[in-house]
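I set out to record what could be looked up in this model, beginning with its open spaces and moving on to its strands, helices and backbone. The entries follow in the order in which I made them.

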Amino acid sequence: MKNVPGHVAEILSALEAAGYEAWCVGGCVRDSLLGREPEDWDVTTSALPEETMAVFAPHAIPTGLQHGTVTVRSDHKNVEVTTYRVDGEYRDHRRPESVAFTRSLEEDLARRDFTINAMAENARGELRDPFGGAEDLRRGLLRCVGEPDRRFEEDALRILRGLRFAATLGLEIEAETAESIHRNRLLLREIAAERIRVELMKLLRGNHAARVLREYPDVVGVFWPEVLPMVGFGQKNHHHCFDVWEHSLHALEVVKKDDALLWSALLHDIGKPKCFTVDDAGTGHFYGHAQISRDVADVMLRRLKCSTEFRETVVRLVEWHDRDIPRTDKSIRRALRLLGETDLRRLIALKRADNLAQAPAYHDRQLELDEGEVILEQLLAEDACFSLKQLAVNGRDLLALGLQGAEVGRVLNALLDAVINGDVPNEREALLGRVGKL
Ligand code: ATP
Ligand code: MG
């Protein structure tokens, strides 16, 4: 491989000099064949873990000895060096009961999930690719190593990893592997919520996420059955040219790759099927859908054990997505107070995406969003006051005036309201003068 970084090449040559085989393996080989910068470089070797330890002492840490992994520090960077390994029996669709070491690279490659992840390459550019991973990459195909049903039964997380690689690398899932993913999807029930969340997070960041979700809503429906009613749900409304699921996928496709935005784009209308009504004229309505969507999204994010901060951000964007975008100084300052700059920017982006995923005749709503954004930029540029910490008086000033306890916070908030409403300038004297009236 031409582009093996120096600190990894040193590890490969130290192992070879000690009489062992050593190869870069897995994701880094795949990514460099694709011309992408690998996230990390994994090394696989015929050396047993204690032999690797001996080669690199004192720069080796036994981070996962039972799996054969030693972390080697080289040029201030960590590289995981793992002994060639075969997996024992899988009993719970999650992890092998045991692992055994082997001196055969081919055996190690055979335990890996997909052909594109089952290649090894050394510093001299020799490629070991017993399952045709390079050819699959060239053809843009994701294919299991070996028999798909067996591989997904062994470890059901591979189902979601497969969708993730298809979404991030823009691969087509090969027919037999694809059928097997659909057939075995329920095995995902055995997988811990945190591991599902990690894969889903990566999947949604992929440039091809919408296409993959379009083909595999049944898989997502195993842990998020709430998405299933969206699929094919016609809206009977002239604003919309897509069903609820397609609309959500189009919104997902146009937002920038920010996790909270991606998740809120996918889920902003999740509650629509629950509140559908048709009026006498035959037009469909979804009254209250933003609140219902917020509640449904909240449950879905809790199920995947998302962090509180992330969940609250997504859920608030979902709740706000259908409100008219503020287009006056006052209303933008209010929105800034409630959401903060980052989330108000996200809200505008979400509303843009929501609108672009509607019928083209309504895309002129973008102009209203432009207007709101211009005001937002102006307010930020002139350092407008929208939070307590920007207020020209603070708690100490009020204590000095003789206010006590909870009163202080109440008055500060009332002063901030007054500034935001334009009733009083954000100036110390003016604010202190107003305290008496409150
Ligand atoms: P990235 O790090 O870019 O997300 P990766 O392919 O490097 O992708 P890792 O999770 O870092 O993925 O795993 C490294 C390698 O280990 C994979 O390329 C694959 O060969 C193997 N591997 C990882 N997880 C599994 C699994 N669940 N089943 C079989 N092989 C796996
Ligand atoms: Mg990796």
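**Entry 1. The largest pocket.** I began with the lining of the largest pocket and sorted its residues by class: 13 are nonpolar, 13 polar and 24 charged. The model is a predicted one, and I read each value below in that light. For the pocket itself I noted a volume of about 1800 Å³. Its lining comprises 50 residues, and those nearest the centre are Asp 42, Arg 112, Arg 161, Arg 164 and Phe 165.

I then asked which element gives the most to this lining. It is H7, with seven residues. Helix H7 spans 157-169. Other elements that each supply at least two residues include helix H2 (27-33), strand E6 (85-87) and helix H9 (193-205). The strands E2, E3, E4 and E5 also each supply at least two.

**Entry 2. The second largest pocket.** I recorded a volume of about 530 Å³ for the second largest pocket. It is lined by 23 residues, and His 239, Asp 322, Asp 354, Gln 358 and Arg 365 are the closest to its centre. I found at least two lining residues in each of strand E13 (284-285), helix H16 (329-356) and helix H17 (365-381). By class I entered four nonpolar, ten polar and nine charged residues.

**Entry 3. The cavity.** I next looked for enclosed space. How many cavities of 30 Å³ or more are there? The count comes to one, and I noted a volume of about 30 Å³ for the largest cavity. Its lining is made up of Ala 166, Leu 171, Glu 172, Ile 173, Arg 211, Val 212, Glu 215 and Tyr 216. Helix H10 (209-215) and strand E11 (172-173) each give at least two of these residues, and H10 has the largest share, with three. I classed the lining as five nonpolar and three charged residues, with no polar ones.

**Entry 4. The seven-stranded sheet.** I traced an open sheet of seven strands in the order E3-E4-E5-E2-E1-E8-E9, and its pairing is mixed. Strand E3 (60-64) and strand E9 (127-128) are the edge strands, each pairing on one side only.

I went through three of the pairings in turn. Strand E1 (residues 22-25) is antiparallel to strand E2 (residues 42-45), with four bridges between them. Here Val 25 has Asp 42 of E2 as its bridge partner. I had already entered Asp 42 among the residues nearest the centre of the largest pocket. In which sense do E2 and E5 run, parallel or antiparallel? They run parallel and are joined by four bridges; Val 43 stands opposite Val 81 in E5. E3 and E4 pair in the antiparallel sense over three bridges, and Ile 61 is matched with Thr 71 in E4.

I also examined the hairpin of E3 and E4. It has four residues between the strands, and Gly 68 takes a positive phi near 85° there.

**Entry 5. Helix H3 and its neighbours.** I followed helix H3 (residues 49-56) across the sheet and found that it lies across E2, E3, strand E4 (69-74) and strand E5 (77-83). Its direction makes an angle of about 15° with E4.

I then turned to the packing of H3 with helix H1 (residues 6-17), for which I noted an angle of about 110° and a distance of 10 Å between the axes. The range for roughly perpendicular is 65 to 115 degrees, so H1 is roughly perpendicular to H3. On the H1 side the contact is made by Ile 11, Ala 14 and Leu 15, and on the H3 side by Thr 52, Val 55 and Phe 56. I classed this contact as five nonpolar residues and one polar, with none charged.

**Entry 6. Backbone exceptions.** Most residues other than glycine have a negative phi, and most peptide bonds are trans. I therefore recorded departures from that pattern. The bond between Ala 57 and Pro 58 is cis, with omega about 0°. I placed Pro 58 in the loop between H3 and E3. Lys 236 is not a glycine, yet its phi is positive, near 45°. I located Lys 236 in the loop between helix H11 (217-223) and helix H12 (244-254).

Conventions:
Residues are numbered from 1 along each chain as its sequence is written. Chains are lettered from A and ligands numbered from 1 in the order in which they are written. This is a predicted model: local features need pLDDT of at least 70, side-chain atom pairs count only at pLDDT 80 or more; totals for chains, interfaces and linings use all residues. Side-chain values use heavy atoms; hydrogens and water are left out. On a 1 Å grid over the protein atoms alone, a cavity is a set of points where a 1.4 Å probe fits but cannot get out, and a pocket is an open set with protein on both sides within 12 Å along at least five of seven lines; lining residues have an atom within 4 Å of a point. Grid points are joined across faces, edges and corners, and a volume is the space filled by probe spheres set on the points. Ala, Val, Leu, Ile, Met, Phe, Trp, Tyr, Cys and Pro count as nonpolar, Asp, Glu, Lys and Arg as charged, and the others, Gly among them, as polar. Two strands pair if DSSP finds at least two bridges between them. Contact means heavy atoms within 4.5 Å. Axes are lines fitted to C-alpha atoms, for helices over the stretch in contact, and angles run from 0 to 180 degrees between N-to-C directions. Angles under 35 degrees count as roughly parallel, over 145 as roughly antiparallel, 65 to 115 as roughly perpendicular and the rest as oblique.
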